[in-house]
Every structure is written in structure tokens, then in C-alpha cells.
Amino acid sequence: MTDAVAQSYSALKSAAAGLMPQLKADLTRLVRIPSIAADGYPSAPLFEAHDLVVELLRAAGVEQIEDLIIEGKTAPVIVATVPGPAAAPTVLLYTHYDVVPADDTDLWQSPPFEPTERDGAIYGRGTADSKANIVSILGALRVWGGAPPVTLRIVLEGQEEFGSPFDNYPIEAPELFEADAMVIADVGSVRPGSPTLTVALRGSAVVTVEASTLATDKHSGLYGGAAPDARLALIRALATLHDERGDVAVEGLRREQWTGATYTEDELRTLAEVLDGRPLMGSGGLGERIWSGPAITVIGFDAPSVSGSINAVAGTARAALNLRVHPDQGAAQAQAALIRHLEAQRPFGVALTVTAGEVGNGFSAPTGGPGFDAAMTALEQAWGEPAGLMAGGGSIPLVMALHHAVPHAEKLLFGATDGYANIHGPNERVLLDELEKAVVAKAVFFQEYARNAGGSGMSTDTRAEGGSSPVAKKKFEFPGAVTVLAIVAVLVWIAALFIPAGQFDTDADGAPIPGTFTEIPAPLSFWERVQQLILSPVNGLYGLQDTGTGFVDPDNLGRMFGSVGVILFILALGAFISVSFATRSLEVAVGRLAAGLRDKGWLLITVIMVLFSLLGSTMGFSVETFGFYALLTPLMLALGYDRMVAAATIILGALTGAMASTVNPFSIGVASGEAGVSIGDGIVLRVVLWIVLTAMAVAFVLRYARRVQQDPSRSIVGFDTEAEGEHAAPAPEPDQTLTGVQKSVLAITGLTFGLMIFSVIPWSAIFGATTTAAEYDVYHEVATEPYWFELNWWFPQLAMLFILAAIIVGVVARMGEKRVVSLITQGAGDMIGPAIVILLARGVSVILNNTQTLDTVLNAMEQLVSGASAGVFAILVTVVNIPLAFLIPSSSGHATLAMPLLAPLGDFAGVGRDLVITAFQMGHGLMLLFAPTNVVVVGGLAMAKVGYDKYLRFVWPLLVANFVVVCVILGLAAAFD
């Protein structure tokens, strides 16, 4: 620390100390106002508090102050802006000016709304929650003379305690909350004198469980002992929720060691007012018991009071349970685990009825960003000792709403209160020393954040990759998809240096002629090869292929070889997702659907996979699946599955069908045309393979899905509810109802996806069972005459379909032009990552094409299968086409190159050409299930936020099983051909 910095800290502390008399007076004025926003209380005090806060802000030098009136809510939200220097980062400060009622005034040592100073503290309702935090903001502003080194956006809510609109409003109007960092001043330190930054909040879920045994209550003297007692049955079931130590005994609930600050056992006993001689519940550290582990509490139980009890056997009994959830576990998933546990109980043989209630996800903040570093420095300077990291046992829905509204902003939770402040209880208080330190902390934070953020203004991602929450320690991570593909491109480029160039003679249709391969001089010098490596991403985006030489280059005249069409499509898809998700229509629909399918998730997975497999088998349905990740990922998470289940349902469903193509004109059709046979030849065997392989894929995914649903710790990818850039709202609630606008948006969404599927299906080629020569990825054209109703759309039309649908949704939802444009831009930006993955994958193919090494690989394949017996030949055709599919992921392109060589060789081996086609397709499809050059895999994994390494770890047993089954079936088919 330099002398100048130390002097600046000292000056800020001195200024704060000098302001304390005025700040104490301001706090006293605020606490004196009973600003209660609950029903049944007068609204005048609430508006009086509002006016006083505005007055104090103006006195602190704030000029830009507005009221935000939210329909149906009583108290206005105060929104103030303090402009900082040019290019300064923006910090949002949040707290609230309403308070909870002060019930049981007899328990107060002084009147709750007569602020009283004693023992270095001010006592009164709302002192700690959260009027002291308002005063700390005022103090920090005054310390800086109303001109802090950052831009401030101050949001002070007047209805936080009862019916807060901010549980959802930030998602509907994110522009109001746009910032680089957010300081949520609705928490405090673990204890006085111990500076603490809250980095995690537990999630919450409610469950109601009921036992019904008799039509009505019956006399216990007449029927007791035989008639089943509903209360006893329910109590017995509730007892299974914990083991003998008091630890939660429900499978599927996440618990991890807490490594941050926590209470001592004596502190917890004092704060919780545990009676002498009573043990605490559970085992392990206190942090994991109250913060990073689950807790189940009976919050309601329907039963007569002891004074009103009668001699009767209860016919019904009902209890409400509150489940607190690990910060990184989805609340809906944890709720589903609790429901499964209760439904599995049969106390005295009685089945229980379990109903899901509201849920709210927890929050876990990444650490290590500029805001985090600034906050840790500020807290240490204010308190004089290093700050600790803690969690909150309760959920704050606002934090998750802000996270989804402005995902790139760092969320920092610290304030003026402490663990002994008795918030919401009698004798609530704030220590004046803690208040002064909170003022210093905010003032220092402004300075440190302005320095750490480098005056960069609104950042796109303020989270440092090196940071992690104390909930879980940082481990080595496999490189992301972009890095993996960059490595693959370099490795393929190096391999191409050692593979000699060569070519086959071609016939009139451009197909290679068997036995005509010759090596040729390398078409490129070493430095030209280096240039090809550097330009491969550009060629992968919009490289053009010369129709004469086949060379791909962005400056050519020829046909499009790059993936610009696919990329434009997913950018438009991202735009539509962004606009539609802003209406919360899909969130609410997912919540309701998840509640309805709570026990039938397996059926949803089965239906989707079989449908996608059927579409893949008949028309090559693959890249079209990109549109379904935004719909299925949140739904799978809400059903208690992980992201791998969502990705596998889509990828394995479509690609298993494509592997077992039956009448797909873009693979079987092209191959049949090159082999000179009908597309219907071999259809029986291909249908058998489709049934077997689809059943295997569905069973494989269902097995994994059931496993992770029952025990989340067995998930390969984990349950990260904070996946960056995710288009998801807070956890969906099953009891929410759809508004008229949301129903209209769902209808538009359904029509858009339905039209997409209908428009790309080559109906005439499928029903006409004709062969065709087409490049599916580029043109999506077939050689047959289309039916009158066929649209034959492809990426250009699909991209505009989703853009127009996004605009229509914006108009229906009355978002306004600026809001729609902002959401479209944001959504397209969120798809840049998958877009880069796709163009890199295509760039690998360009390297092989331009070095003219593909024909050399084809020649090696031809030599390998020549002279083999029938059964061996069929299996070898599958084997040699596996690596070839890595190099040529396009099924039509692969068939065009390979089939003219393989079909005649099959004649010599005594294998029918239809079987050669099937064997070729099996090898090609097997590689595409995991090839990093297949945009359907790498692009889909990027959209689902699943690492490629984790996908390989997941899918390899299925790959091995598929290979064995295919070899056995093909070998038997060849033997009896």
C-alpha cells in the first residue's frame, strides 16, 4: 500500500467519523416513522418515510431522483442517479425503507418507534432492517461530497417486507438495474467487529404433506387401536426426514463443507436462544448445517390445541414443510427429492398425498472479480481486520431476480447490521460503531472499485475466472469447446503435414472412380499451409468453394462452404429466446408443466427422444434441434434432472435417428444414388437398427436421469443454477397462472417452432422414396419435384422466421422499440459462444479440403476393406467410416466421396450394396455422436452449458454398446445376405 493510498483511507475514515452526529440524527428521524407496508396498516407513514428519504438524498447532494410506481403496489420505489467521472463504472446500491410490524410491544425495553440510544446502539424497529443501511449510503455520499468516483444508481424499495414487486420486476425491466456491480445492503456481519461479505444464500421450497385414513374423525374409545390414525401416520412419516443425529436423511439433497466464516456453537446457542442442556441438531460444521446443507422444518401442522382436544382418532392430518436448499442446488430439484422421499413412505401402510408449494433458488456469488476485491479491501479498511465470507440461511428473491436481469454484474452483499441485531424481533438495534464502519466501507468501496475496474464503464463480465465461492473449492477444469476445437484444428493441420496429397479420377458426376488414386505434389507450400490454419475460422464462417478446383477461400467465386447460415440462424434464435423469456411466459409454463410431469419426467424424455430420432431417421433432423435447448433445459432442471439430461435428450435423440437413417434423403438417399440402388433397398434392416439403437439410447438416458434425480451428487455436470448467460428466470413456481399476454406468447412460440419443423421436412423425397444428390448443410435441396405444400426453407428463411417472431412477441407484450431492440441484441450476443464453436468445427474440414488429403484417407480406406470376407467386410466398412466421418461430418458429402469406392468393393466381397450403405451409415453416425467436428454436438453442448469432456465421460458406454450391437447385426446380415 502506498502512502497516498493510506492517506486516502485515513481521510475517508476521518470524514465518516465527523459525520456521525448528523447520521445518528438522520437515523433517529427515519426510525421514528412506522413505515409498515403490510395490509391493514396506514399508508401515510410509508409515504412520510419516502419523503424523508428523498429529502435526505437531496441534502447529500443527489439531484436526479425519480419515483418508480409499480401497478398494484402501495409504496413508490426511489430511484436516484449520481453521475460519476467519464467512463467510470456503475455501482447499484439497494436497500429498503419499509419495516415489519412491532408485535408484542411488551417484550420491548423501549417503544419500538421511539428510537432510544443505550450501550452504544440505537434501538427501534427498522434500525437494522434496513434504515441503518439507508443512512450508510447517505454517509458514503457525504464523505465524497456528493461526487463519488463511480456512477451510482440508488434503488430504495418501499415494499420489500410484504409483497415485494422486485421478486420479478428486475427481469421485466433490466435496463433500470444495469450496472457493473451491485451492493445489496440487506445483510450484515456475522458478529460485531467481524467484517463479513455474504457470498451465498440458501434456496427455499415449501411442501405440503397429507395423510387421509378415515372419512371423518372417530371416537378413540370405540375405534382406537384398529382405525388408522392419520396424525400418527403423518408423524411417523415426518420422523423419517432426519436420522438419529438430526441430519437430513432425504436422498438427493446437496450438502458440502463450508470453508468460510461461521458462528461458534456458543454464538449459535445464544442467537437461537437454545435452552440449557438441549443439544444442537445435526453433525459436521455449523456452516454446512445452516448454510451449505439442507434443512427441513415443520412450519405448520393441522391439529387441535391441547386445550381443545377431544377423544377421537384423526381421519386426516396435514403438515407444511419448509426446505432450505444448498445455494447451488435448484430449489425445484430439491423439492422434487423431498416429494419423492415422502411419497415413498407408507406409515402403517398409509399412502401420503404430497403437494409442491412455492420455490426460490439460492445464490452463490463467484469471487475474485474487481468488485469482490474492492469489497474485501473496503471491509478490511473499515473494520481493521480481514473480512470473512459467510452465507445467509434465508433466501432473498431479489438477488436472484437481479442476477437474471443483469447477469454480468457482480452481486456484493454487505451492510451495517450484525448477527445480534435481532432483526424482525423485539429490541432490534444497530451498533453506532458498526454503522460508522459501514459508511467507511461503502466510501472505500467506491474508491477501490473505480481503481480496480479501470474506469471501463459497463463491463460484459466482471467475474474473474480464478474466483470461487467457499461453498466449493476451485478445481482444474477441462478446456471449453472453443479451446478444444482450436486444439483439434492445430492437430489436424499438423497431421495434414505428414499425409501426402492425392486424388482419384472422377466420373461425369464428380464421384471418385475406384482404383484410380494417385499421389500428387502438395498443392500448398508450408507458409501457405500456415495461412490456411490462420484463416480456418474465417473459412469456417464464410469460405466459398471454387466449383472447379474445390479450393475453399473467402475471396473465391463459388458455392458457400462456411457455416454463416447456421450461425445466422442461432443468432436469430437467441434473439427470439431473449424477447420471449422477458415475458416470463416460458418460465411460468415450465413451472406448471414440471408440476404436472413431476412423476412422469421419464415419459417426457422418451417422447422427445423417439420423436427426434424419428425425424433424424427420416429427414436428417439435427441442426434444427438448436431451437429446443432454451425450452428443454429449464424444464429438465425443474423436473430435478441436470443439464446433461437436457443435452443428451436432444443430441442422442436426433443423432441416433440420423445414425439409423431409414429414408433420410440427405444420407441414405445420396448414398443410394451413388451406389445405384433404390432408397427402399435394405429398409427392413435399417428399421430394425433404428428400433434397437433408439431403444438403447432412450434407456441409457433414462438410467442416468433417474440416477441424478435420486442422487444429485452422481451428476457428471453438477447443478449450477448460476450458469453464465443462461436465458432463465428464477425458479418456476407451479401455482403461477399465465396472463393473457403470456398465453399469446406461448402460442407464438408453438407456431414458430412448428413452422420451423414443417418448413424443413423434404416431404416429396421422403414419401417418394427417391435418391438425391444434395449438400444438406448448405442447400437443403433434393432432386425430386416438391409437393405443392412444401416450403423447402433453410437457414436464411429460418433466421428471419425467428427474428420476425421476436418482433411480434415484443409487439404483443407492448415492450416498446428500445426494449425489443435491446433484448434482440442481448439474445444474439448470448449465442456468440456457440457460433464460434460452429465456425471452428467447420474450419477443420476446410484444412483437410484445401490440403487435398481427403482422397489419401479414402484410398487407405479402400485398401483396408479390399479382399475381406462378407461378414468382415460389412464390419470393416463401419470401422473405416468412423474416422472418415470425423473429417467429413456432412452425411451427404461423406456419401458422395465414399460410396462410389465402397459399393463396387462390396460386389467383390459378396455383400449387397444396400448393406454397404447401411454399414457406411452406421460408421458415419457413430462418429457423429461425439465428434468435435460435428456442429450438432459441440454447438448443442455449448448451448446447454455442458463441457465436452463431461459429455465424453457420459456417452462412452453407449458408444461402445452401439458399436458392439451394430457389428453383431451387420455381421449376421452379411452372413445371410
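In this predicted model, Asp243, Arg245, Asp247, Arg255 and Glu288 are joined in a network of salt bridges. Within the network, Arg255 pairs with Glu288, and their closest N and O atoms are 2.9 Å apart. Arg255 is located in the loop between α6 (230–239) and α7 (265–272), whereas Glu288 belongs to helix α8 (residues 286–290), so this salt bridge ties together parts that are 33 residues apart in sequence. The two partners can also be described by their accessibility. Arg255 is partly exposed, its relative accessible area being 31%. Glu288, with a relative accessible area of 17%, is buried, because buried means under 20%.

Ser292 also lies beside this region of the chain in space, as its distance to Arg255 shows: the C-alpha atoms of Ser292 and Arg255 are separated by 5.8 Å, although the residues are 37 apart along the chain. Ser292 is placed in the loop between α8 and β12 (295–301). Its relative accessibility is 0%, so Ser292 counts as buried. The side chain of Ser292 reaches the backbone oxygen of Glu256 at a distance of 2.5 Å.

The count of salt bridges in the model comes to 17. Side chains of opposite charge can pair when their charged atoms come close. One of the salt bridges links Glu428 and Arg125, with 2.7 Å between the closest N and O atoms. Glu428 is found in the loop between β19 (417–418) and β20 (429–431), and Arg125 in the loop between β5 (121–123) and α3 (127–143); the pair therefore ties together parts that are 303 residues apart in sequence. Glu428 counts as buried, at 1% relative accessibility, and Arg125 counts as buried at 2%.

A further salt bridge is formed by the side chains of Asp433 and Lys437, at 2.9 Å from N to O. These two residues are four apart in helix α12 (residues 432–452), so about one helical turn separates Asp433 from Lys437. Asp433 is partly exposed, with a relative accessible area of 42%. Lys437, at 18% relative accessibility, counts as buried.

Turning to the nonpolar residues, the largest nonpolar core contains 155 residues. Phe626, Leu652, Phe873, Met899, Tyr951 and Phe954 have the most contacts inside this core. Helix α15 (residues 564–582) gives the most to the core, contributing twelve residues. Apart from this core lies another, of 110 residues, which includes Leu56, Val135, Phe177 and Ala409. In soluble globular proteins, nonpolar side chains tend to be buried together.

The surroundings of Phe954 give a local view of the largest core. When neighbours within four places in sequence are left aside, Phe954 is in contact with Met644, Ala648, Leu652, Phe700, Val701, Tyr704 and Ile716. Leu652 is itself among the residues with the most contacts inside the core.

Two members of the core of 110 residues, Leu56 and Val135, are also in contact with Asp26, as is Arg142, when neighbours of Asp26 within four places in sequence are left aside. Asp26 is part of helix α1 (residues 3–31). With a relative accessible area of 1%, Asp26 is buried.

Nonpolar residues also occur at the surface. Ile487, Val490, Leu491, Ile494, Leu497, Phe498, Phe526 and Trp527 form a nonpolar patch there, with about 840 Å² of accessible area together. The elements that give two or more residues to the patch are α13 (481–498) and α14 (526–542). Of these elements, α13 gives the most, with six residues. Leu491 is one of the residues of the patch and is placed in helix α13. Leu491 has a relative accessible area of 53% and is exposed, because the term applies to values over 50%.

A last site is centred on His50, which lies in helix α2 (residues 44–59). His50 is buried, with a relative accessible area of 6%. A polar contact of 2.9 Å joins the side chain of His50 to the side chain of Asp51. Beyond residues up to four places away in sequence, His50 touches Asp67, Pro76, Ile78 and Tyr97.

Conventions: Residues are numbered from 1 along each chain as its sequence is written. This is a predicted model: local features need pLDDT of at least 70, side-chain atom pairs count only at pLDDT 80 or more; totals for chains, interfaces and linings use all residues. Side-chain values use heavy atoms; hydrogens and water are left out. Buried means under 20% relative accessible area, exposed over 50%, partly exposed in between (1.4 Å probe, protein chains only). A polar contact is a pair of N or O atoms within 3.5 Å; within protein, one must be able to donate a hydrogen and the other to accept it, and residues adjacent in sequence count only if both atoms are side-chain atoms. Contact means heavy atoms within 4.5 Å. A nonpolar core is a set of buried Ala, Val, Leu, Ile, Met, Phe, Trp, Tyr and Cys residues joined through side-chain atoms within 4.5 Å. Patches are made of residues with over 30% relative accessible area and no salt bridge: like charges are joined within 9 Å, nonpolar side chains (Val, Leu, Ile, Met, Phe, Trp, Tyr) within 5 Å. Accessible areas come from the Shrake-Rupley method with a 1.4 Å probe; for residues, only the protein chains shown count as cover. A salt bridge is a side-chain nitrogen of Lys or Arg within 4 Å of a carboxyl oxygen of Asp or Glu.
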